[in-house]
There are 2 protein chains.
Amino acid sequence: MEHFEARLQKLAEITVKIGVNLQPEQELIITANLNEAGLVRRIVAEAYKAGAKNVAVMYGDEQNVLARYRYGSQRALEYAPGWYMDAIARAHQEGAARLAIYGDNPALLKDVDPEKIAIHSRAQAQAGHRISELISGFAVNWSIVSHASPEWAKLVFPQLDEVQAMERLWEAIFQTSRINTADPIAAWQAHDAELQTRIRWLNAKRYAALHFRGPGTDLQVGLAEGHLWAGGSGVAKNGVRCLPNLPTEEVFTMPHRERVEGWVSATKPLSLRGQVLEGIRVRFEAGQAVEVQARQGQEVLEKLLETDEGARRLGEVALVPHSSPVAQTGILFYNSLLDENAASHIALGRAYVENLEGFEGASEAERRARGYNQSLIHVDWMIGSDQVEVDGISSDGRSEPIMRSGEWVALPSS
Amino acid sequence: MEHFEARLQKLAEITVKIGVNLQPEQELIITANLNEAGLVRRIVAEAYKAGAKNVAVMYGDEQNVLARYRYGSQRALEYAPGWYMDAIARAHQEGAARLAIYGDNPALLKDVDPEKIAIHSRAQAQAGHRISELISGFAVNWSIVSHASPEWAKLVFPQLDEVQAMERLWEAIFQTSRINTADPIAAWQAHDAELQTRIRWLNAKRYAALHFRGPGTDLQVGLAEGHLWAGGSGVAKNGVRCLPNLPTEEVFTMPHRERVEGWVSATKPLSLRGQVLEGIRVRFEAGQAVEVQARQGQEVLEKLLETDEGARRLGEVALVPHSSPVAQTGILFYNSLLDENAASHIALGRAYVENLEGFEGASEAERRARGYNQSLIHVDWMIGSDQVEVDGISSDGRSEPIMRSGEWVALPSS
């Protein structure tokens, strides 16, 4: 097996070339944690080699996040810096691409009062509203990649010591990022082509709804009128094709904000706002989450749903086969970027504009009537497993299989 | 002697309380290098305890600076992010205080083409023009503190190994920051009171010029009409008294941009743009540097003077006694923040508005006529030593001693 440094270098290369697909003369904004400098430096060098006119690394430090909760005043909780968020938004409007390096400690805030977290998360979401719109509106090419961190690794592998846990987590990141293949760039191109074939098939079907059935789940997810399936690479509004998530195994579309009915049970724990939520069960009625249960973290979940009107409704439904490389690691990552590529999932909150045909030309009232949901939040949670079946329901009520035992049904030979 | 961590904690406390004097509900912007996180985290905690509504840490990474020069295109050299610089300026306009943690590797760019450095420095100065105006215009309370770094420590103590060199450099920083006293806050208050007494004495004198004499130096520095002496703590335009430099031993005022005459020799090497300049000699005529020599780094110096018209003229003249704690360490720090507090000095470039009486009410033409100099640069260099004498020349041509053998003459008992 290749040396760690060599594989980190390959991860930096596919991040710049396949993930962001940075263009000559383009600017790149990177958000990362302090302990991720080793990968960040490699990415910065690759970005300049690719012709970047500037690479701005916006480092965060989880210790300073904790300091705000520990020592900060009420005013500090209620405040988020508009001058900072607006600057990032301006950079994207001026054409800057975006890369997030994600290795947060999923349990960072486990001892913080959920009420404080809710107050500050809301302030941040409001101050960052324009950035969210630009990114979810796919204004520029962007990507997210994972990075191991000691706290995260220990949560995933509690039985190992820190060094071993870090090694195992990096191994899983390299494997699911297809770094362990002979030619990672070619591997990603082939995988993306497969995703695009599945997307064309689903788009041709024009299903009115999806039906999920499994242990504790009997959920009908009505789809938005004129919904589009997407996944793998996409072309941003600036004309650049990029791969927004590394790894990515999902195809996803837009639920109808008022047409979700039934009970659904999460199949994995959800890491949210520095806490780990387990045993989530939710009942939807006319699109709205009307009953909410969680064996652990119920208060955090309830606060989340109180964010705004759209927080109780779905903004995404995504299908992932149980045979995906992420699922095959058998690891629960407590990290949506990886876990959402191990199982089919739904997301509470904001929908993606690329999942609705003619979004730009439609009025706000029309978008809403067709099913588009708006919210400050977008939180994915896993509802798929090898025991979950998914059917497509056509507008005349006919039902046909999409997934069986967690796997795609075979595509008809064309 | 106290444990290192305890002294670092004291440094964090005086930085927030004496240096920045952060106010409740105020925001704080910190610029720092990645390897300074240990001190930064302590400062962030102290700032939140002092009531900060937000602490934004803008981390830089010298490796990424090098990557730009090594791999970046011509466009990357010519570009600096306006969206970023404007955001910092906006934050200050909205009231944010500023703290710079300074531990740069003084020789970082020693192998980089000076032409490239000049191009990028100019782009940065232009993009950061509003920030410079706000800081040099003392719009908000701000401060700079030093932080040891391995490369810097090895440059200062080349005969020691890295661990020993870091220990020695930290020891010098703690000592010159008065951390090694029983009550550092009281020590700074007493020292500041002494500086204010010296400033009142100089302001009462209304000298027309200062005359520096020493080895290789015979320089007359005419002072701006209505010049004001300043130093130690000052009150920013937002009404907050702060100590802009930690440590600080100087009192300084504004030269007249057209009234500097004669030869001056630097008494210490100057660390500039990642290079170390030695043996600087300059001749001034009618305020302008007309002859420039440097035993090492002449090209960097010449590029600096080509920045703009004001880069050839003086923006500051400062007096520091040879008995200052910084001079007493006997260490050449290759760092202006410390070295400028070991010796009297002058600065090429931009003047400080607080050094001119009635600056706000004066037109640009009037300011200029009274001697105010504008430039994108402000570069201090040391011209004092225990062999340099300083006289004050009054408007009728009388001369009286200010410093002898590098020390203040005694104040008349009042």
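Buried area here is the accessible area (1.4 Å probe) that two parts lose when they are put together, summed over both. With that in hand, here's a look at how chains A and B meet in this predicted model.

**The interface**

Put chain B against chain A and about 3,400 Å² gets buried between them, with 61% of it on carbon and sulfur atoms. On the chain B side, Tyr48(B), Lys53(B) and Trp83(B) give up the most area to chain A, together 22% of what that side buries. The other tallies for this pair look like this:

| Item, chain B with chain A | Value |
|---|---|
| Chain B residues in contact with chain A | 40 residues |
| Chain A residues in contact with chain B | 40 residues |
| Salt bridges | six salt bridges |
| Polar contacts (both at pLDDT 80 or more) | 13 residue pairs |

Six elements of chain B each supply at least two residues to the side touching chain A: strand E1 (27-33), helix H2 (37-49), strand E2 (54-60), helix H3 (62-71), helix H4 (74-78) and helix H5 (82-93). H5(B) brings the largest share, eight residues. Sorted by class, that side of chain B has 22 nonpolar, seven polar and eleven charged residues. As for salt bridges, Arg90(B) and Asp86(A) join their side chains in one, at 2.9 Å from N to O.

**A sheet in chain B**

Chain B also holds an open, antiparallel sheet of eight strands, ordered E16-E15-E12-E6-E5-E20-E21-E22. Strands E16 (288-293) and E22 (407-408) of chain B sit at the edges with a single partner strand each, so one side of each has no neighbour in the sheet. Further in, E20 (389-393) and E21 (399-404) of chain B pair antiparallel over four bridges. Val390(B) has Met403(B) as its bridge partner in E21(B).

Key: Residues numbered from 1 in each chain as written. Chains lettered and ligands numbered in written order. Predicted model: local features only at pLDDT ≥ 70, side-chain atom pairs only at ≥ 80, totals over all residues. Heavy atoms only, no water. Contact = heavy atoms within 4.5 Å. Salt bridge = Lys/Arg side-chain N within 4 Å of Asp/Glu carboxyl O. Polar contact = N/O pair within 3.5 Å; in protein donor to acceptor, adjacent residues only side chain to side chain. Nonpolar A, V, L, I, M, F, W, Y, C, P; charged D, E, K, R; others polar. Pairing = 2+ DSSP bridges.
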